[in-house]
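This report looks at helix packing and nonpolar cores. Please view the sequence and structure first.

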Amino acid sequence: MKTISSVVENYIKNKPFLLNGLSLGIVNLTSLARVIQAELEHEMDKEVKQGAIVMALKRLSEELEFRLNHKVEKILKNLGEITVRSSLVDYNFTINPKVLNRQAEFISEISHFPDVFYTSSRGVNETNIIVSDSVSHLMDKHFADERWIHKVENLASVTVKLPKDNVSVPGLFYYVFQRLAWEGINICEVISTNFEFTVIVSEEQVDQAFKVIKDLKNT
């Protein structure tokens, strides 16, 4: 049986920005109730009073404040080492067997180079390879006959170690990326593993990105 509370919760959960606004307590509940009233009445197939919607929103916002903020804040306060690397170059290629072979040759050649940044991500149709500018000449050598789709220079990375319980907390990355977006920081690429994530930004914005992520630990 549908209840006003369950319908309201399902409606809010499908709208991430609204969900976050409620958890932060910055949404006018009366105005929101007025806006969503018609859709909730259609969902429940009966008249729903604004006062009942406001009460459901109030209960939901109080639960969200505990469920989301407290869990996310606990993870953020336990963020580990933050590492910044500059002078990076991002290459983007269409996936084909030659790219994989050339990538393997490139990795083999740089394996004995100290302090070289290298990461690769593969999608359905394309591969991105991000390397230190100091070895970009080797990329050009190994991929001389390969036409890259896109190449971006003067990039930097911010890598963050995550506590092991981060995998069980929803909304962590959304919270981090939202803060970066609020500061007008453009994320060129994101690379993540279970207990580490890296954002690639322009060198002009790396100091600001580092500060935003560092400040999250003191939230």
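What follows covers one helix pair and then two cores.

The model is predicted. Helix α1 spans residues 4-13, and helix α3 spans residues 29-44. Their axes lie 11 Å apart, at an angle of about 115 degrees. Angles of 65 to 115 degrees count as roughly perpendicular, so α1 is roughly perpendicular to α3. The crossing of α1 past α3 is right-handed.

Which residues in α1 meet α3? They are Ile-4, Val-7, Val-8, Tyr-11 and Ile-12. On the α3 side, the partners are Leu-32, Ile-36, Glu-39, Leu-40, Glu-43 and Met-44. By class, this contact of α1 with α3 holds nine nonpolar and two charged residues, with no polar ones.

Now the cores. The largest nonpolar core has 22 residues. Leu-76, Val-158, Val-160, Leu-180 and Ile-213 have the most contacts inside this core. The elements below each give two or more residues to the largest core.

| Element | Residues |
|---|---|
| α4 | 50-77 |
| β4 | 150-161 |
| α7 | 172-182 |
| β6 | 196-202 |
| α8 | 206-216 |

Helix α8 gives the most to this core, with five residues.

Consider Val-160, leaving aside its neighbours within four places in sequence. Val-160 is in contact with Leu-79, Glu-81, Ile-82, Phe-195, Glu-196, Phe-197 and Ile-213.

A second, separate core has 18 residues. Among them are Val-8, Leu-40, Ile-53 and Ala-56. Val-8 and Leu-40 also appear in the contact of α1 with α3.

Methods:
Residues are numbered from 1 along each chain as its sequence is written. This is a predicted model: local features need pLDDT of at least 70, side-chain atom pairs count only at pLDDT 80 or more; totals for chains, interfaces and linings use all residues. Side-chain values use heavy atoms; hydrogens and water are left out. Axes are lines fitted to C-alpha atoms, for helices over the stretch in contact, and angles run from 0 to 180 degrees between N-to-C directions. Helices (H or I, at least four residues) and strands (E, at least two) are DSSP runs, numbered from the N terminus. Angles under 35 degrees count as roughly parallel, over 145 as roughly antiparallel, 65 to 115 as roughly perpendicular and the rest as oblique. A crossing is left-handed if the near helix is turned anticlockwise from the far one by less than a right angle, and right-handed if clockwise. Contact means heavy atoms within 4.5 Å. Ala, Val, Leu, Ile, Met, Phe, Trp, Tyr, Cys and Pro count as nonpolar, Asp, Glu, Lys and Arg as charged, and the others, Gly among them, as polar. A nonpolar core is a set of buried Ala, Val, Leu, Ile, Met, Phe, Trp, Tyr and Cys residues joined through side-chain atoms within 4.5 Å. Buried means under 20% relative accessible area, exposed over 50%, partly exposed in between (1.4 Å probe, protein chains only).
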